[in-house]
Structure formats: structure tokens, C-alpha cells
Amino acid sequence: METVIRETSKPSTSASVPSTASTSITDTVNSSHQFKITGYSLSKGLGIGKYRASNTFTVGGHEWAIYFYPDGKSPEDNATYVSLFIALASDGTDVRALFELTLFDQSGRERHKVHTHFGRMMDGGPYTLKYRGSMWGYKRFYKRSILENSDYLKDDCLLVNCSVGVVRSHTERPKIYGIALPPSTLGLDLGKMLESGKGVDVTFEVNGENFYAHRLILAARSPVFRAQFYGPMKDQNTQWIKVEDIEPPVFKVLLHFMYRDTLPDMEELIGLDSKRAFILMCQHLLAAADRYGLERLRILCEANLCQDVAINSVATTLALAEQHHCSQLKAVCLRFIAMPENLRAVMQNEGFEYLKESCPWLLTELLEHVARANEHSVVICSQRMDGIIDGNDTNERRVKPRL
């Protein structure tokens, strides 16, 4: 969020006095904290006004903490509601901030309960916390009887997220001069070294094909190669290495990425000219990236596979996502397969047999997603009813007790 106020001053006479200008910039420093509240049933009876607090976290140079009151904060509510607040936990005066409190739906339906001031017009502007211990939140955050029978409570646990945006302002003067910076050529220069073969000191044999590289560059890019070449348990022969379980085209793309930090034009480098071939390459690269600890490449492959989920490849992709800890890709695949128009076709694909053999436990998760897809219309109706029953959350108030 950013508010810009421009100020200019001009001479009152026609004398040759230069005009001046400055810019006042107001924006927010944003961060969030997730607070897991376990043993909810054991917290009941703690007493009105008594709380469970999160660890402190830092946003905008100030410390903050989340306070959960299982029996409510105020006697007038008679423990009918739970209360939730965010507090300034460090010294400070007139700290202005925006807040967002989210109670997570743990059923997977993503029907989260959200109270936010980000992106919203407010008559009084951001909230001001006067001193350490100042709080903002909801005394009647959620009715206890409804909360205890909802999907927000799972395994006697609640999950809360708080986002804080601390308001800051500063004034900038215009730049008197500027020099255009040329783009970085580091990846291009290192790529030329790989292509030229100058200074190479390690040979990889991959399924009968040789690849040449520089140990120092590979060690800088991969913790696995770093340990293999320079660690205390380094290989005896670091000049010739045989690589198993990777095909030559995949290893060629892997080296290209390690030197250039980008994926190549697949058709130009290795002759791939179809989307199916590209997806297959990304699947193999994902496994290779995980093997050599190349986190950026792993995420890049995950992102590409998320964009190209298809009937004939989704089951294999799901198995890879599970095996290589790609949670976002896994969620996308499960949702895709669970769609009624996709489920039968995916189950008839040979990749589904591989999924059942390699990750049979995923079938249980898939059944849960199928059930959720079938309950979609019921969920929408239930969500509207919850909004009617628990309609007492508009009493957002700022109270300022001492910690």
C-alpha cells in the first residue's frame, strides 16, 4: 500500500531561481505470523479475561503477539464467545498499522474466516496503538457453540494467522542524475565457458555419453556436488564420475540451468518440439533437481507442471510431487483428478497404475478430494448460514490494557 504526496515550490518572481520538488511516500511494511492453538478443550474454563499467547514476531521494527481468549475477554459475554486480539508487544508510541485475522478452515474447503483491513477504505485510516500492550481485535470473534462443531476445530486444534502492515512515511528528493545499468551477463558468460570447454576439470558419463564441466561452478550451485568434490567424505576420483538413473538430455538441461540459472529453449537445445515432451522433461528435471539440491530448479519445474496439468500425465506428476515434496503441485493434481469430468479418464490412463503402485496412500487423499467436490453445493449453502448465525463480528474495537 502506498500513498504519494508531491510538493513543489516556485519562485514568486521571474528571477532565474530553479524550481524544486520532493515526494512524501507513505506505505506499509507487511508480514504475518501463524499461531497454532492445540488442546482447545483443555483451555476451556481457563477463565474470562485469561488468554493463550503466541510467541512475539517482528513487523516494521515492532514486536507483536496474538492473544486468544478461550472463555472470552469480557464478563458481559458470559463465555459465550471466544476472543482474538493482536497486541503491540514492544515499546512504541502511536504505532499506526493495518491488521488481518484469519481462522483457518481445516477441512480443505478453504472456507476461512477472515477479518481484514488491507485493501479496504477506512473512515479513520489505519489503527493507532498508543503504547506497549495496546490491542486490536474482536471480543466476540466466534460463538463457542458453533466453533466447537465447525471445521475450524480439528483434532482439538485451531489455526490462526495474523497479518500486520505497519505504516511508515519518508520524503524523497528527485534524483539529479541517473546512469542506466546494463543487464547482468553472468549467466551468459558462464554458459559460454561451458560451451567452449575451456578449463573443464570433471567428466560425467551419462548412459554412454560424456559431459564436461567445472567442479568449482557445480559446487557453488549444488550442495550435493559441493560435498562430493570438496567435503570431508569427497569421492576419491573427482575428475570422472558415472551418473546413474538420469538420461543424457535431462543431464544436459541440468548443466545448462546450473551455469545460466534459466531453462533453455528445449527445441533448440535437445530437439523437444511438443508440449507432451516438455512436460516429460519437466518431470525428469524435477527429480534431478531434488537429487542435487537445486531448489530454484525444483520450484521452476513445479510451476511449469502446475500450468500444464493434463489427463495423460497428471497421475505420474502427482506421484512425483509426493515423492519430491512439492505440496503446491500435489494440491493442483489432486483437485484436477477429483473433478467429475476428469476422474474416469485419469483412472483409465496407465499413469494411474504407476500412482497406485508407487504411492498407494495417495488414493485415500484423492477420495477425500472427490468427496469434497461432490459436497461443493452443500458447502456454499452452509457458508451462507454460518454468516447469518454468527453475525456479531462487526464490533471491532481497540482496547488498551497493559501487558
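How many helices and strands are there in the protein? The predicted model contains 15 helices and 15 strands. Of its 403 residues, 42% count as buried. Among contacts with a separation of 6 or more, 68% are accounted for by residues 24 or more positions apart.

The buried nonpolar residues were examined next. As a general tendency, nonpolar side chains in soluble globular proteins are buried together. In the model, the largest nonpolar core comprises 53 residues, of which F204, L218 and F251 touch the most other members. Helix 6 supplies the largest share of this core, with eight residues. When residues up to four places away in sequence are not counted, F204 touches E209, N210, F211, A213, L218, F225, F229, I241, V243 and F251. Two of the residues on this list, L218 and F251, are themselves named with F204 as touching the most other core members. A second core, separate from the largest one, has 32 residues, including F57, V82, I86 and L147.

Helix packing was then considered. Two packed helices are described by the angle between their axes and by the distance between those axes. Helix 6, spanning residues 248–260, packs against helix 8, spanning residues 275–291, at an angle of about 65° and with the axes 10 Å apart. Angles of 65 to 115 degrees count as roughly perpendicular, and the two helices are therefore assigned to that class. The crossing of helix 6 and helix 8 is right-handed. On the helix 6 side, the contact involves P249, V250, V253 and L254, which meet M281, H284, L285 and A288 of helix 8. By residue type, this contact divides into seven nonpolar residues, one polar residue and no charged residue.

A second helix pair has another arrangement. Helix 10 and helix 13, the latter covering residues 350–358, pack at an angle of about 25°, and their axes are 7 Å apart. Angles under 35 degrees count as roughly parallel, and helix 10 and helix 13 are therefore described in this way. The contact is formed by A315, T316, L318, A319 and Q323 from helix 10, together with G351, F352, Y354, L355 and S358 from helix 13. Its residues comprise six nonpolar, four polar and no charged.

Helix 10, which runs from residue 314 to residue 323, is mostly covered, with eight of its ten residues buried. The buried set consists of V314, A315, T317, L318, A319, L320, A321 and E322. Among these, A315, L318 and A319 also take part in the contact with helix 13. Helix 10 is followed by H325, for which phi is positive, near 60°. On the other side of the helix in sequence, S313 lies in the loop between helix 9 (295–307) and helix 10. The relative accessible area of S313 is 10%, and the residue is buried. With neighbours within four places in sequence left aside, S313 is in contact with I279, Q283 and D308.

A buried serine is also found in a loop between strands. S74 is located in the loop between strand 5 (62–69) and strand 6 (81–88). S74 is buried, with a relative accessible area of 10%. Leaving aside neighbours within four places in sequence, the contacts of S74 are with I48 and K139. S74 and K139 are 65 residues apart along the chain, while their C-alpha atoms are separated by 7.1 Å.

Definitions and conventions: Residues numbered from 1 in each chain as written. Predicted model: local features only at pLDDT ≥ 70, side-chain atom pairs only at ≥ 80, totals over all residues. Heavy atoms only, no water. Axes fitted to C-alpha atoms, helices over the stretch in contact; angles between N-to-C directions. Helix = DSSP H or I, 4+ residues; strand = E, 2+ residues; numbered from the N terminus. Parallel < 35°, antiparallel > 145°, perpendicular 65-115°, else oblique. Left-handed = near helix turned anticlockwise from the far one by under 90°. Contact = heavy atoms within 4.5 Å. Nonpolar A, V, L, I, M, F, W, Y, C, P; charged D, E, K, R; others polar. Core = buried A, V, L, I, M, F, W, Y, C linked by side-chain atoms within 4.5 Å. Buried < 20%, exposed > 50% of the residue type's maximum accessible area, 1.4 Å probe, protein only.
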